[in-house]
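Colleague: I would like a close look at one part of this model, with cut-offs for the terms you use. Please start with a quick check on a loop.

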Amino acid sequence: MVLSKTASNSDVSVHSTFASRYVRTALPRFKMPDDSIPKEAAWQIINDELMLDGNPRLNLASFVTTWMEPECDKLIMASINKNYVDMDEYPNRCVNMIANLFHAPLGEAETAVGVGTVGSSEAIMLAGLAFKRRWQNKMKAAGKPHDKPNIVTGANVQVCWEKFARYFEVELKEVKLSEGYYVMNPAKAVEMVDENTICVAAILGSTLNGEFEDVKLLNDLLVEKNKQTGWGTPIHVDAASGGFIAPFLYPELEWDFTLPLVKSINVSGHKYGLVYAGIGWCIWRSKLDLPEELIFHINYLGADQPTFTLNFSKGSSQVIAQYYQLIRLGFEGYKNIMENCQENARVLKEGLVKTGRFNIVSKEQGVPLVAFSLKDSSRHTEFEISDFLRRFGWIVPAYTMPPDAQHVTVLRVVIREDFSRTLAERLVGDIVKVLEELDQIPARVTCKLAASEESSEGKLVKKTAIEVQREITTAWKKFVQNKKKTSGVC
Ligand SMILES: *Cc1c(COP(=O)(O)O)cnc(C)c1O
């Protein structure tokens with residue numbers, strides 16, 4: 001006798017995944033649903049929607065780490081339920097190692113002054129607050145007004161500086177850029193410094209083209225100015241991306257605490273610190289540079305615990321992961337990885353130069369990235385190239401430069417640890433294909449151009465709107481037909 005049992009409507013465990021009533025219907029998006037759903041269904045629904053996100057490893061727009069060793073992934077999962085505020089060992093060890101890497105003037109057994117943050121943005125808020133408070137204390141002591149603080153930066157600063165300025169009411173004085181010079185000019189910056197300047201912020205690795213700003217020159221010019229004015233204006237270095245590059249690739253470069261006016265430095269652990277998103281660091285030169293009144297001491301977790309962060313609780317996985325990278329790779333390992341990134345950037349750059357179509361906007365020395373713009377953008381723009389590259393899976397951003405170079409558009413490819421030589425070569429190949437495709441299609445912005453075309457006598461001949469329209473349609477038809485011929489079965 002065969003024993004059989006029909007599945008009842010309510011026996012969820014035997015329903016086929018996609019035909020179950022949970023996955024069949026769209027989920028409510030605005031109000032929390034009244035009823036629970038099985039865990040498998042919830043997992044499936046969310047997993048499927050996540051498939052639509054771009055592949056993070058092909059996202060060449062971002063500096064943020066997209067690959068770590070499986071051993072570290074395991075540690076991350078093992079510490080996912082631990083709260084950062086319950087840890088003091090790991091953050092402190094990382095702070096000490098990074099402070100030493102940046103040449104903080106520390107004695108043998110002296111511990112460094114610094115904090116782990118969510119990223120460089122939080123680190124910059126904290127550094128900015130420390131500068132603001134120190135400046136206010138100084139002005140108060142001198143009986144001077146202290147209600148109009150300002151900060152001097154290049155116009156190429158990352159948005160977090162604008163956030164700091166607005167959230168904490170500090171005027172942002174930006175040194176304008178110019179064509180061909182896309183970082184802060186130290187001489188101009190020092191000119192803009194006045195008695196209300198809480199600090200000058202230099203960037204080690206401009207977000208726009210990876211170029212290092214000249215911190216040494218800024219320091220020397222500011223030392224001079226300080227001598228004349230007695231203002232003692234300090235420097236902060238935003239080394240979000242460059243902090244884990246310069247020590248390994250350019251050990252001779254003077255940019256860190258070796259320069260006397262550099263009082264604090266931030267770095268993103270989740271960029272070239274090689275950790276997944278969610279970790280940054282702020283390091284101060286010494287205790288004197290972090291006003292004591294900004295540090296809170298709590299004791300309700302057991303011991304006296306100093307805290308100077310914007311948030312209290314957060315995950316601790318990233319700190320563990322940072323510590324893993326520091327001890328696993330060591331100086332040797334980081335150097336190796338950075339050299340490889342630099343080499344891959346070179347391969348990509350050479351490939352782009354070979355097309356003859358691009359100007360390279362990034363510099364030899366800097367963050368391993370390639371920023372480039374079209375030599376001739378009269379028919380097609382960098383935005384179209386970016387758009388077309390998406391079809392190959394690549395995310396390559398195109399953007400315009402800040403004032404006064406806003407007429408320049410660039411494409412930028414950030415070279416991360418996991419962007420291998422093979423991928424670099426594939427990308428060059430795909431860019432060449434995109435250029436060929438674009439050459440065959442009419443310019444998107446040519447209506448104006450096409451409306452007047454040179455006649456054989458060299459005079460401009462006006463075309464009617466219909467003629468222009470026809471021409472564009474014919475060119476598009478040709479393009480589509482050619483595509484059909486080459487793309488075969490798909
Ligand atoms: C990425 C970046 C930031 C912001 O850092 P997060 O870690 O993303 O908060 C700030 N400044 C520069 C120069 C950057 O490249």
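In which loop does D404 lie? After that, please concentrate on β5: which residues on its two faces are buried, and which strands pair with it?

Modeller: This is a predicted model, in which local features need pLDDT of at least 70 and side-chain atom pairs count only at pLDDT 80 or more, while totals for chains, interfaces and linings use all residues. Residues are numbered from 1 along each chain as its sequence is written.

D404 is in the loop between β12 (398-400) and β13 (409-414); strands (E, at least two residues) and helices (H or I, at least four) are DSSP runs, numbered from the N terminus. The peptide bond joining P403 and D404 is cis, with omega about -5°.

Now to β5, residues 235-238. In a regular strand, side chains alternate between the two faces of the sheet. Here both faces are covered: I235 and V237 are buried on one side, H236 and D238 on the other. Buried means 20 or more other C-beta atoms within 10 Å of the residue's own, exposed 12 or fewer, and partly exposed in between, with C-beta atoms placed from the backbone.

β5 has parallel pairings with β4 (residues 197-203) and with β6 (residues 262-268); strands pair if DSSP finds at least two bridges between them. Four bridges join β4 to β5, and A202 has V237 as its bridge partner. Towards β6 there are again four bridges, and there H236 stands opposite S264. Helix α8 (residues 215-229) makes a right-handed β-α-β unit with β4 and β5 (with the strands pointing away from the viewer, the path from the first strand over the helix to the second runs clockwise).

I235 of β5 also belongs to the largest nonpolar core (buried Ala, Val, Leu, Ile, Met, Phe, Trp, Tyr and Cys residues joined through C-beta atoms within 7 Å). Among its 112 residues, V200, A202, I235 and I283 touch the most other members. Helix α10 (residues 317-355) supplies the largest share, 12 residues. The core lies between domain 1 (71-328) and domain 2 (341-438), because both give residues to it; these bounds come from an automatic or database domain assignment. Nonpolar side chains tend to be buried together in soluble globular proteins.

As for the ligand, 14 residues surround it, and G119, S120, S121, Q158 and A240 come nearest (near means a C-beta atom, placed from the backbone, within 6 Å).
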